[in-house]
Amino acid sequence: MSFEIPFIRPVFPSPELVASDYARIVESNWYTNFGPREREFSAALGTYMGDGYIAVTFANATLALMALCQAALGRGDGSKEVLVPSFTFAAGPAAVEWAGYVPRFIDVDTASLQPSIDEARAALDGGSDVAGILLGNTFGIGNAQIAEWEQLAEEYGVQLLIDSAAGFGSVYPGGRRVGTAGLAEVFSFHATKPFAIGEGGAVVTRDPALARSLAEFQNFGFSQGLGSAQLGLNGKLQELNAAIGLRQLATIDEAVQRRQAVVAAYRRGFEGLDIAFPRGIDESSVCFASIVLPDRGSRDAVLAALIEAGVEARAYYSPAVHTQPHFAAAPRQGGLRGTGAVVDSVLSLPVHQDMAQRDIDTVIAVVARTAPRS
Ligand SMILES: *Cc1c(COP(=O)(O)O)cnc(C)c1O
(Lines give C-alpha, C1' and ligand atoms only; values in the text may rest on other atoms or scores of the structure.)
Protein backbone atom coordinates (compact mmCIF):
# COMPACT_ATOMS: atom_id res chain seq x y z
CA MET A 1 0.00 0.00 0.00
CA SER A 2 1.39 3.39 -0.85
CA PHE A 3 0.56 6.41 1.30
CA GLU A 4 0.22 10.04 0.38
CA ILE A 5 2.23 10.86 3.50
CA PRO A 6 4.79 8.06 4.07
CA PHE A 7 6.10 7.25 7.54
CA ILE A 8 9.71 7.95 6.53
CA ARG A 9 11.08 10.09 3.71
CA PRO A 10 14.86 10.33 3.98
CA VAL A 11 16.84 13.16 2.41
CA PHE A 12 19.95 11.87 0.66
CA PRO A 13 22.71 13.93 -0.97
CA SER A 14 21.95 14.82 -4.59
CA PRO A 15 22.85 12.34 -7.35
CA GLU A 16 25.44 14.87 -8.64
CA LEU A 17 27.26 15.01 -5.30
CA VAL A 18 27.25 11.25 -4.92
CA ALA A 19 28.47 10.89 -8.52
CA SER A 20 31.49 13.06 -7.73
CA ASP A 21 32.19 10.99 -4.59
CA TYR A 22 31.93 7.82 -6.61
CA ALA A 23 34.32 9.17 -9.25
CA ARG A 24 36.91 9.76 -6.52
CA ILE A 25 36.44 6.25 -5.20
CA VAL A 26 36.92 4.73 -8.65
CA GLU A 27 39.99 6.89 -9.16
CA SER A 28 41.49 5.75 -5.86
CA ASN A 29 40.74 2.10 -6.71
CA TRP A 30 39.66 1.54 -3.07
CA TYR A 31 36.08 0.39 -2.47
CA THR A 32 36.05 -1.06 1.02
CA ASN A 33 38.40 -2.33 3.80
CA PHE A 34 38.96 0.90 5.77
CA GLY A 35 39.62 3.13 2.75
CA PRO A 36 40.16 6.89 2.78
CA ARG A 37 36.44 7.81 2.94
CA GLU A 38 35.79 5.37 5.79
CA ARG A 39 38.86 6.67 7.69
CA GLU A 40 37.64 10.25 7.26
CA PHE A 41 34.05 9.38 8.20
CA SER A 42 34.94 7.48 11.39
CA ALA A 43 37.31 10.27 12.48
CA ALA A 44 34.62 12.89 11.84
CA LEU A 45 32.06 10.90 13.83
CA GLY A 46 34.43 10.75 16.80
CA THR A 47 35.11 14.49 16.57
CA TYR A 48 31.36 15.18 16.44
CA MET A 49 30.95 13.38 19.78
CA GLY A 50 33.73 15.33 21.49
CA ASP A 51 37.27 15.06 22.83
CA GLY A 52 38.57 11.55 23.27
CA TYR A 53 35.70 9.72 21.56
CA ILE A 54 36.47 7.00 19.05
CA ALA A 55 33.95 5.85 16.43
CA VAL A 56 34.18 2.44 14.79
CA THR A 57 31.99 2.14 11.70
CA PHE A 58 30.05 -0.98 10.69
CA ALA A 59 28.05 -2.21 7.71
CA ASN A 60 24.92 -1.86 9.89
CA ALA A 61 23.97 -1.38 13.54
CA THR A 62 22.98 -4.99 14.13
CA LEU A 63 26.56 -6.10 13.44
CA ALA A 64 27.76 -3.22 15.62
CA LEU A 65 25.55 -4.45 18.49
CA MET A 66 26.83 -8.02 18.08
CA ALA A 67 30.43 -6.81 18.02
CA LEU A 68 29.91 -4.63 21.08
CA CYS A 69 28.30 -7.38 23.15
CA GLN A 70 31.18 -9.75 22.37
CA ALA A 71 33.97 -7.16 22.71
CA ALA A 72 32.65 -5.65 25.95
CA LEU A 73 31.48 -8.80 27.75
CA GLY A 74 33.68 -11.46 26.21
CA ARG A 75 32.17 -14.34 24.30
CA GLY A 76 29.50 -15.94 26.47
CA ASP A 77 28.71 -19.63 26.95
CA GLY A 78 24.97 -19.13 27.40
CA SER A 79 25.10 -19.18 31.21
CA LYS A 80 24.96 -15.44 31.91
CA GLU A 81 22.30 -12.85 31.31
CA VAL A 82 22.21 -9.37 29.84
CA LEU A 83 19.37 -7.06 30.88
CA VAL A 84 17.55 -5.56 27.94
CA PRO A 85 14.20 -3.79 27.56
CA SER A 86 11.37 -5.58 25.80
CA PHE A 87 10.04 -2.27 24.45
CA THR A 88 12.73 -1.92 21.78
CA PHE A 89 13.73 -3.22 18.36
CA ALA A 90 14.56 -6.95 18.28
CA ALA A 91 18.12 -6.46 16.96
CA GLY A 92 19.45 -5.62 20.45
CA PRO A 93 18.17 -8.75 22.22
CA ALA A 94 19.27 -10.81 19.19
CA ALA A 95 22.80 -9.35 19.42
CA VAL A 96 22.94 -10.37 23.09
CA GLU A 97 22.13 -13.93 22.07
CA TRP A 98 24.61 -13.96 19.16
CA ALA A 99 27.35 -13.04 21.65
CA GLY A 100 26.47 -16.04 23.83
CA TYR A 101 24.28 -14.41 26.50
CA VAL A 102 20.67 -14.81 27.53
CA PRO A 103 18.56 -11.65 27.22
CA ARG A 104 16.54 -10.98 30.39
CA PHE A 105 13.71 -8.62 29.53
CA ILE A 106 12.97 -5.71 31.83
CA ASP A 107 9.92 -3.48 31.87
CA VAL A 108 9.48 0.02 30.52
CA ASP A 109 8.73 3.10 32.61
CA THR A 110 5.27 4.08 31.36
CA ALA A 111 5.83 7.80 31.95
CA SER A 112 9.11 8.13 30.03
CA LEU A 113 8.88 5.08 27.70
CA GLN A 114 12.49 4.39 28.73
CA PRO A 115 13.65 1.13 30.39
CA SER A 116 12.70 0.95 34.07
CA ILE A 117 15.71 1.43 36.32
CA ASP A 118 13.80 -0.01 39.29
CA GLU A 119 13.21 -3.24 37.36
CA ALA A 120 16.89 -3.36 36.39
CA ARG A 121 17.89 -3.03 40.03
CA ALA A 122 15.42 -5.76 41.00
CA ALA A 123 16.97 -8.05 38.37
CA LEU A 124 20.49 -7.28 39.61
CA ASP A 125 19.38 -8.05 43.18
CA GLY A 126 17.48 -11.14 42.04
CA GLY A 127 20.32 -13.63 42.10
CA SER A 128 20.79 -14.45 38.43
CA ASP A 129 24.24 -14.02 36.92
CA VAL A 130 24.10 -10.70 35.02
CA ALA A 131 27.06 -9.73 32.83
CA GLY A 132 25.77 -6.44 31.50
CA ILE A 133 22.94 -4.11 30.59
CA LEU A 134 22.01 -3.30 27.01
CA LEU A 135 20.04 -0.13 27.62
CA GLY A 136 17.96 1.22 24.76
CA ASN A 137 17.51 4.92 24.24
CA THR A 138 13.87 4.53 23.22
CA PHE A 139 13.24 5.91 19.69
CA GLY A 140 16.74 7.48 19.86
CA ILE A 141 15.60 9.79 22.68
CA GLY A 142 18.23 10.36 25.37
CA ASN A 143 17.29 8.81 28.74
CA ALA A 144 16.85 11.55 31.38
CA GLN A 145 18.18 9.14 34.04
CA ILE A 146 21.38 8.27 32.19
CA ALA A 147 23.64 9.29 35.09
CA GLU A 148 21.67 6.99 37.43
CA TRP A 149 22.07 4.12 34.97
CA GLU A 150 25.81 4.69 34.89
CA GLN A 151 25.84 4.68 38.69
CA LEU A 152 23.79 1.49 38.83
CA ALA A 153 26.16 -0.31 36.44
CA GLU A 154 29.15 0.80 38.46
CA GLU A 155 27.56 -0.19 41.76
CA TYR A 156 26.92 -3.74 40.53
CA GLY A 157 30.12 -4.04 38.50
CA VAL A 158 28.37 -4.69 35.17
CA GLN A 159 28.96 -3.10 31.76
CA LEU A 160 26.51 -0.50 30.48
CA LEU A 161 26.07 -0.74 26.69
CA ILE A 162 23.56 1.50 24.93
CA ASP A 163 21.53 0.96 21.77
CA SER A 164 20.96 4.50 20.49
CA ALA A 165 20.31 3.32 16.93
CA ALA A 166 17.91 6.08 15.89
CA GLY A 167 19.52 8.76 18.04
CA PHE A 168 22.50 10.22 16.20
CA GLY A 169 22.19 13.98 16.76
CA SER A 170 20.14 13.66 19.99
CA VAL A 171 21.23 15.10 23.32
CA TYR A 172 20.41 13.81 26.79
CA PRO A 173 18.27 16.11 28.94
CA GLY A 174 20.98 18.26 30.52
CA GLY A 175 22.89 18.75 27.30
CA ARG A 176 25.27 15.80 27.01
CA ARG A 177 25.38 14.28 23.54
CA VAL A 178 23.79 10.88 22.98
CA GLY A 179 26.82 8.74 22.09
CA THR A 180 28.90 9.76 25.10
CA ALA A 181 27.37 7.62 27.87
CA GLY A 182 28.05 4.15 29.26
CA LEU A 183 30.95 2.06 28.02
CA ALA A 184 29.80 2.57 24.42
CA GLU A 185 26.78 3.58 22.34
CA VAL A 186 25.60 2.16 19.04
CA PHE A 187 24.09 4.13 16.13
CA SER A 188 22.36 3.00 12.96
CA PHE A 189 22.66 4.89 9.68
CA HIS A 190 19.94 2.85 8.02
CA ALA A 191 17.83 4.66 5.41
CA THR A 192 14.97 4.92 7.92
CA LYS A 193 16.99 6.78 10.60
CA PRO A 194 17.49 10.54 10.90
CA PHE A 195 21.17 10.06 9.92
CA ALA A 196 20.69 7.95 6.79
CA ILE A 197 23.35 6.53 4.49
CA GLY A 198 21.55 3.39 3.25
CA GLU A 199 23.05 0.64 5.42
CA GLY A 200 25.61 1.50 8.06
CA GLY A 201 26.27 1.90 11.75
CA ALA A 202 28.87 2.84 14.34
CA VAL A 203 29.97 2.25 17.91
CA VAL A 204 31.23 5.24 19.90
CA THR A 205 33.48 4.73 22.93
CA ARG A 206 36.40 6.32 24.77
CA ASP A 207 38.10 2.96 25.28
CA PRO A 208 40.89 2.39 22.69
CA ALA A 209 41.25 -1.33 23.48
CA LEU A 210 37.51 -1.84 23.01
CA ALA A 211 37.64 0.10 19.72
CA ARG A 212 40.48 -2.11 18.50
CA SER A 213 38.57 -5.27 19.38
CA LEU A 214 35.46 -3.95 17.56
CA ALA A 215 37.52 -3.19 14.44
CA GLU A 216 39.02 -6.68 14.49
CA PHE A 217 35.62 -8.33 15.00
CA GLN A 218 34.28 -6.81 11.80
CA ASN A 219 37.39 -7.87 9.88
CA PHE A 220 37.06 -11.66 10.39
CA GLY A 221 38.52 -11.34 13.89
CA PHE A 222 41.95 -10.72 12.37
CA SER A 223 44.55 -9.24 14.70
CA GLN A 224 47.82 -7.88 13.30
CA GLY A 225 49.96 -10.71 12.04
CA LEU A 226 48.10 -13.41 13.98
CA GLY A 227 45.19 -14.14 11.69
CA SER A 228 41.92 -14.76 13.48
CA ALA A 229 42.19 -13.96 17.20
CA GLN A 230 38.47 -13.89 18.07
CA LEU A 231 35.29 -15.17 16.48
CA GLY A 232 34.68 -12.47 13.90
CA LEU A 233 32.79 -11.78 10.73
CA ASN A 234 32.72 -9.35 7.84
CA GLY A 235 31.01 -6.16 8.97
CA LYS A 236 32.91 -3.45 7.14
CA LEU A 237 31.41 -0.20 5.85
CA GLN A 238 31.89 0.44 2.13
CA GLU A 239 33.57 3.59 0.79
CA LEU A 240 30.47 4.78 -1.05
CA ASN A 241 28.36 4.65 2.10
CA ALA A 242 31.10 6.40 4.07
CA ALA A 243 31.18 9.16 1.43
CA ILE A 244 27.40 9.59 1.76
CA GLY A 245 27.91 9.67 5.53
CA LEU A 246 30.38 12.55 5.24
CA ARG A 247 27.79 14.49 3.21
CA GLN A 248 25.06 13.74 5.77
CA LEU A 249 27.27 14.69 8.72
CA ALA A 250 27.72 18.16 7.24
CA THR A 251 23.96 18.78 7.48
CA ILE A 252 22.88 16.63 10.43
CA ASP A 253 22.39 19.46 12.93
CA GLU A 254 20.18 21.39 10.51
CA ALA A 255 18.29 18.20 9.66
CA VAL A 256 17.65 17.57 13.36
CA GLN A 257 16.36 21.13 13.85
CA ARG A 258 13.91 20.71 11.00
CA ARG A 259 12.66 17.44 12.46
CA GLN A 260 12.27 19.05 15.89
CA ALA A 261 10.22 21.82 14.29
CA VAL A 262 7.72 19.21 13.08
CA VAL A 263 7.37 17.89 16.65
CA ALA A 264 6.83 21.46 17.89
CA ALA A 265 4.05 21.90 15.30
CA TYR A 266 2.41 18.62 16.38
CA ARG A 267 2.64 19.74 20.02
CA ARG A 268 0.83 22.99 19.26
CA GLY A 269 -1.72 21.18 17.10
CA PHE A 270 -2.51 18.64 19.84
CA GLU A 271 -3.17 21.15 22.61
CA GLY A 272 -6.32 20.21 24.52
CA LEU A 273 -6.07 16.55 23.46
CA ASP A 274 -5.35 13.63 25.78
CA ILE A 275 -1.96 12.99 24.18
CA ALA A 276 1.49 12.79 25.82
CA PHE A 277 4.88 13.13 24.15
CA PRO A 278 7.82 11.14 25.54
CA ARG A 279 10.16 13.20 27.70
CA GLY A 280 13.22 14.38 25.80
CA ILE A 281 11.72 14.11 22.32
CA ASP A 282 12.32 17.83 21.75
CA GLU A 283 16.09 17.34 22.25
CA SER A 284 16.18 14.20 20.10
CA SER A 285 16.92 13.68 16.44
CA VAL A 286 13.25 12.64 16.00
CA CYS A 287 13.21 9.49 13.89
CA PHE A 288 9.41 9.83 14.04
CA ALA A 289 7.01 11.47 16.50
CA SER A 290 5.75 8.96 19.04
CA ILE A 291 2.78 9.90 21.18
CA VAL A 292 0.88 8.09 23.91
CA LEU A 293 -2.91 7.93 23.94
CA PRO A 294 -5.01 6.98 27.00
CA ASP A 295 -5.75 3.39 25.92
CA ARG A 296 -5.80 0.88 23.12
CA GLY A 297 -9.23 1.89 21.85
CA SER A 298 -8.29 5.52 21.28
CA ARG A 299 -4.88 4.57 19.81
CA ASP A 300 -6.44 2.15 17.34
CA ALA A 301 -9.09 4.70 16.36
CA VAL A 302 -6.53 7.42 15.63
CA LEU A 303 -4.29 4.96 13.76
CA ALA A 304 -7.19 3.75 11.60
CA ALA A 305 -8.26 7.31 10.80
CA LEU A 306 -4.72 8.26 9.78
CA ILE A 307 -4.38 5.22 7.49
CA GLU A 308 -7.78 6.00 6.00
CA ALA A 309 -6.59 9.56 5.27
CA GLY A 310 -3.44 8.32 3.49
CA VAL A 311 -1.07 8.95 6.41
CA GLU A 312 1.34 6.11 7.18
CA ALA A 313 1.41 6.00 11.00
CA ARG A 314 2.64 3.00 13.00
CA ALA A 315 2.20 1.40 16.40
CA TYR A 316 5.94 1.31 16.99
CA TYR A 317 7.64 -0.70 18.76
CA SER A 318 4.87 -3.27 18.69
CA PRO A 319 4.69 -6.20 19.32
CA ALA A 320 6.95 -6.13 22.39
CA VAL A 321 10.07 -8.25 21.85
CA HIS A 322 9.31 -10.68 24.70
CA THR A 323 6.06 -11.66 22.93
CA GLN A 324 7.75 -12.35 19.57
CA PRO A 325 8.07 -16.11 18.85
CA HIS A 326 11.86 -16.36 19.02
CA PHE A 327 12.02 -14.60 22.40
CA ALA A 328 8.84 -15.99 23.96
CA ALA A 329 10.77 -18.35 26.28
CA ALA A 330 13.45 -15.86 27.36
CA PRO A 331 13.53 -14.92 31.06
CA ARG A 332 11.86 -11.70 32.13
CA GLN A 333 11.85 -9.54 35.20
CA GLY A 334 8.31 -9.45 36.65
CA GLY A 335 5.19 -9.28 34.56
CA LEU A 336 6.25 -6.53 32.13
CA ARG A 337 2.86 -4.88 32.72
CA GLY A 338 4.17 -1.44 31.75
CA THR A 339 5.39 -2.80 28.44
CA GLY A 340 1.97 -4.27 27.72
CA ALA A 341 0.28 -0.95 28.45
CA VAL A 342 2.74 1.10 26.37
CA VAL A 343 2.57 -1.23 23.37
CA ASP A 344 -1.24 -0.81 23.42
CA SER A 345 -1.28 2.98 23.66
CA VAL A 346 1.72 4.24 21.67
CA LEU A 347 1.39 5.68 18.19
CA SER A 348 4.20 6.93 15.95
CA LEU A 349 3.52 9.71 13.47
CA PRO A 350 5.54 10.53 10.34
CA VAL A 351 8.25 13.16 10.55
CA HIS A 352 10.17 14.19 7.43
CA GLN A 353 13.18 16.44 7.32
CA ASP A 354 11.50 18.46 4.54
CA MET A 355 7.91 17.96 5.65
CA ALA A 356 5.43 20.13 3.77
CA GLN A 357 3.24 22.35 5.96
CA ARG A 358 0.22 20.87 4.19
CA ASP A 359 1.26 17.37 5.29
CA ILE A 360 1.82 18.52 8.88
CA ASP A 361 -1.63 20.12 8.84
CA THR A 362 -3.22 16.91 7.50
CA VAL A 363 -1.73 14.82 10.33
CA ILE A 364 -2.83 17.34 12.95
CA ALA A 365 -6.36 17.59 11.56
CA VAL A 366 -6.91 13.82 11.54
CA VAL A 367 -5.50 13.35 15.05
CA ALA A 368 -7.48 16.34 16.39
CA ARG A 369 -10.81 15.00 15.17
CA THR A 370 -10.26 11.42 16.44
CA ALA A 371 -8.21 11.64 19.67
CA PRO A 372 -10.04 12.13 23.01
CA ARG A 373 -9.92 15.56 24.63
CA SER A 374 -8.04 15.97 27.89
C1 LIG B 1 17.16 0.48 13.52
C2 LIG B 1 17.49 -0.13 14.82
C3 LIG B 1 18.42 -1.17 14.92
C4 LIG B 1 19.00 -1.86 13.72
O5 LIG B 1 19.83 -1.04 12.93
P6 LIG B 1 20.35 -1.60 11.52
O7 LIG B 1 21.37 -0.59 11.11
O8 LIG B 1 19.17 -1.63 10.60
O9 LIG B 1 20.94 -2.94 11.73
C10 LIG B 1 18.74 -1.64 16.18
N11 LIG B 1 18.18 -1.13 17.29
C12 LIG B 1 17.27 -0.14 17.24
C13 LIG B 1 16.69 0.40 18.52
C14 LIG B 1 16.89 0.39 16.01
O15 LIG B 1 15.97 1.37 15.97
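**Cavities and ligand site of a predicted model**

The largest cavity has a volume of about 90 Å³. A cavity is, on a 1 Å grid over the protein atoms alone, a set of points where a 1.4 Å probe fits but cannot get out, and lining residues have an atom within 4 Å of a point. Grid points are joined across faces, edges and corners, and a volume is the space filled by probe spheres set on the points. Of the 14 residues lining the largest cavity, Arg-9, Pro-10, Lys-193, Pro-194 and Arg-259 are the closest to its centre. Its lining comprises 8 nonpolar, 3 polar and 3 charged residues; here Ala, Val, Leu, Ile, Met, Phe, Trp, Tyr, Cys and Pro count as nonpolar, Asp, Glu, Lys and Arg as charged, and the others, Gly among them, as polar.

The model is predicted: local features need pLDDT of at least 70, side-chain atom pairs count only at pLDDT 80 or more, and totals for chains, interfaces and linings use all residues. Residues are numbered from 1 along each chain as its sequence is written, and side-chain values use heavy atoms, with hydrogens and water left out.

There are 2 cavities of 30 Å³ or more. The second largest has a volume of about 30 Å³, and its lining includes Val-84, Pro-85, Phe-89 and Asp-163. Strands β2 (81–85) and β4 (130–136) and helix α4 (91–98) each give two or more residues to this lining, and β4 gives the most, with 3 residues. These elements are DSSP runs numbered from the N terminus (helices: H or I, at least four residues; strands: E, at least two). By class, the lining of the second largest cavity has 6 nonpolar, 3 polar and 1 charged residues.

The ligand, by contrast, sits in the largest pocket. A pocket is an open set of points with protein on both sides within 12 Å along at least five of seven lines, and a molecule sits in one if more than half of its atoms lie within 2 Å of its grid points. Among the residues around the ligand (a heavy atom within 4 Å) are Phe-89, Asp-163 and Lys-193. Helix α3 (residues 61–73) supplies the largest share of this shell, 3 residues.

Oxygen atoms of the ligand form polar contacts, pairs of N or O atoms within 3.5 Å. A polar side-chain atom of Thr-62 lies 2.6 Å from one such oxygen, a polar side-chain atom of Ser-188 lies 2.7 Å from a ligand oxygen, and for a backbone N or O atom of Ala-61 the distance is 2.9 Å. The protein covers 90% of the 390 Å² of accessible area that the ligand has on its own, by the Shrake-Rupley method with a 1.4 Å probe.

Definitions and conventions: Polar contact = N/O pair within 3.5 Å; in protein donor to acceptor, adjacent residues only side chain to side chain.
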